[in-house]
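Let's take a walk through a protein together. Keep the picture open while you read, and try to find each spot as we reach it.

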Amino acid sequence: MRVLFTTFATKAHFYAQVSLAWALRAAGHEVCVAGQPDMVDEIVRAGLAAVPVGEPFNADEVMHEAGQHSKDAEHVHGLAWERWPDILHIGETRTEKLTHEYVHGVLTTYCSLIFPYIYAERTVDELVDFARWWGPDLVVWDTVTFAGGVAARACGAAHARLLFGLDLVGWMRQLHRRHLAGRPVVRQEDPMREWLDPTLERHGSTFAEDAVTGHWTIDPSPTSLSLPVDHLTLPMRYVPYNGPAVVPHWLRRAPERPRVCLTLGLSFREVVGADRVCVHTLLDAVADLDIEVVATLNPEQLSPGTVLPPNVTAVDFVPLNALLPTCSAIVHHGGAGTYHTALAHGVPQIIVSTDMWDATPRAHRLTQQGAGLHIHDTASASPDHLRAMLTRVLNEPGFHHNATRLRTETLATPTPAHLVPTLEKLTQHHRLRRPVGRASAAQRPKVEWTENPVDPNSVRTW
């Protein structure tokens, strides 16, 4: 079968897709990855066929445009632009806060200020045109690239979301639908439908729930750390991919002291433009400890004249998949790729996160499992506090025991290769029962969908 992946234009999101894309390719299926031109080189470096669609993402410009749009509107649900991400946080999981007003406000805000800026209209149109020409059987789309669902519905393909972290969209959508069910019809405003409907109609389709959550969802998180959702979800083992990499010689030598990885990842630098954690606070925290610290910090993250503590080695880049098996702990920013790679190797984590997407709820769930600690208020994080936390994680055996337990759970989850037959079966059930020919861009047929319900128990074969 033909499988089309769509990715958000950042490395962290694309890297989460590579292992499944190659599992399908190795099983004999045709695979290509569609993304904005910013991502083409990265896709090709991963050994996959790239399909450029739309204009470059240009994260800095997009963030500025989204911010200006909100400022022009003066407020977001009565909140100043600077405050809405904290007040209307999509990563909120506390039941007492998840009222209809809160959930509705979150979805309305994201559908007007965030999601539309991820895939511009031209990008959606070019993706749909390619899908109609190539005729994929299955489209696998990133959590926030709803254009993948639009393209799948336009060409008659089955489609699935591949999460890079927690299923925040599915979680919020589920809560919102439950709230709407208890309200009068005249008060059942649906921001996601209102946002997606015009795009779907422009491409000859109509709104259905799979436009938001796919026909099914592929989740790389261990089940004990996932959010409880009621749509069909396939667990998949996270297989770390760090991009093109060379394993340095020094990693072959066993560390003489406990080794700790310190990293701030890629997401903030690529999408927001800067780290949100003070590098000097982190360095001061580890300076007096009898440990070896490998800090993946590039020159831009170290201010001129920075003197590293004697126990810290800074490297521009080292593949975490090679580094973490030698580490006793990791201190990081809460990024999904870093978090999942640490889980895969059973390394206790200290997460110094902000409220960017799902970093905070993931950190909370990790601490509840006893496999790490979390500092949420990065502005007030002190070296003494961080030092005390790291000392605990290194010296209290419970953290290592629980991290090992989560690694065992991860290893018991189906690999991408094991998942391929299930994806084949689901694709056969959900794609349109008609051949999809290669059509010109001008041909935009009205798509009539026939649902083919699948019993979840029939596909959970592991």
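Two residues are in contact when heavy atoms of theirs lie within 4.5 Å of each other. With that in hand, take the contacts in this protein with a separation of 6 or more: residues 24 or more positions apart account for 68% of them. Keep in mind that what you're looking at is a predicted model. Its secondary structure comes to 20 helices and 13 strands, and of its 462 residues, 57% are buried.

So what's on the inside? The largest nonpolar core has 84 residues, and F5, F115 and W216 are those with the most contacts inside it. Helix α1, residues 11–26, gives this core its largest share, eight residues. Apart from that core lies another, of 27 residues, including L302, V312, V352 and F399.

Stop at W216 for a moment. Not counting residues up to four places away in sequence, which ones does W216 touch? Among them are L138, A158, H159, A160 and R161, then L232 and L234, and further along the chain L423, L426, T427 and H430.

Next, let's look at a pair of helices. The axes of α7 (residues 121–134) and α8 (residues 147–155) come within 9 Å and cross at roughly 40°, and the crossing is right-handed. On the α7 side you'll find V124, L127, V128, A131 and R132; they meet A147, G148, V150, A151, A154 and C155 of α8. Sort the residues of this contact by class and you get nine nonpolar, one polar and one charged.

W133 also sits in α7. Is W133 buried, exposed or partly exposed? Its relative accessible area is 41%, and a residue counts as partly exposed between 20% and 50%, so W133 is partly exposed. Along the chain W133 and C155 are 22 residues apart, while their C-alpha atoms are separated by 8.7 Å.

Now for a helix that is mostly covered. In α15, residues 336–344, eight of the nine residues are buried. They are A336, T338, Y339, H340, T341, A342, L343 and A344. What do these buried residues pack against? The strands are β8 (259–263), β11 (329–332) and β12 (349–352), and the helices are α14 (320–323), α16 (359–368) and α18 (397–411). After α15 comes G346, which has a positive phi, near 65°.

Another buried residue waits in helix α13, residues 279–286, where you'll find T281. Buried means under 20% relative accessible area; T281 has 15%, so it counts as buried. Leaving aside neighbours within four places in sequence, T281 is in contact with A381, S382, P383 and L386.

Let's finish with the cysteines. A disulfide is a covalent bond between the sulfur atoms of two cysteines. How many disulfides does a search of the whole structure find? The count is zero. Take C261 as an example: the closest cysteine sulfur belongs to C327, and it is 5.4 Å from the sulfur of C261. A disulfide needs the two sulfur atoms within 2.5 Å, so this pair is too far apart for a bond. C261 counts as buried because its relative accessibility is 0%. C111 counts as buried too, because its relative accessibility is 7%.

Technical notes
Residues are numbered from 1 along each chain as its sequence is written. This is a predicted model: local features need pLDDT of at least 70, side-chain atom pairs count only at pLDDT 80 or more; totals for chains, interfaces and linings use all residues. Side-chain values use heavy atoms; hydrogens and water are left out. A nonpolar core is a set of buried Ala, Val, Leu, Ile, Met, Phe, Trp, Tyr and Cys residues joined through side-chain atoms within 4.5 Å. Buried means under 20% relative accessible area, exposed over 50%, partly exposed in between (1.4 Å probe, protein chains only). Helices (H or I, at least four residues) and strands (E, at least two) are DSSP runs, numbered from the N terminus. Axes are lines fitted to C-alpha atoms, for helices over the stretch in contact, and angles run from 0 to 180 degrees between N-to-C directions. A crossing is left-handed if the near helix is turned anticlockwise from the far one by less than a right angle, and right-handed if clockwise. Ala, Val, Leu, Ile, Met, Phe, Trp, Tyr, Cys and Pro count as nonpolar, Asp, Glu, Lys and Arg as charged, and the others, Gly among them, as polar.
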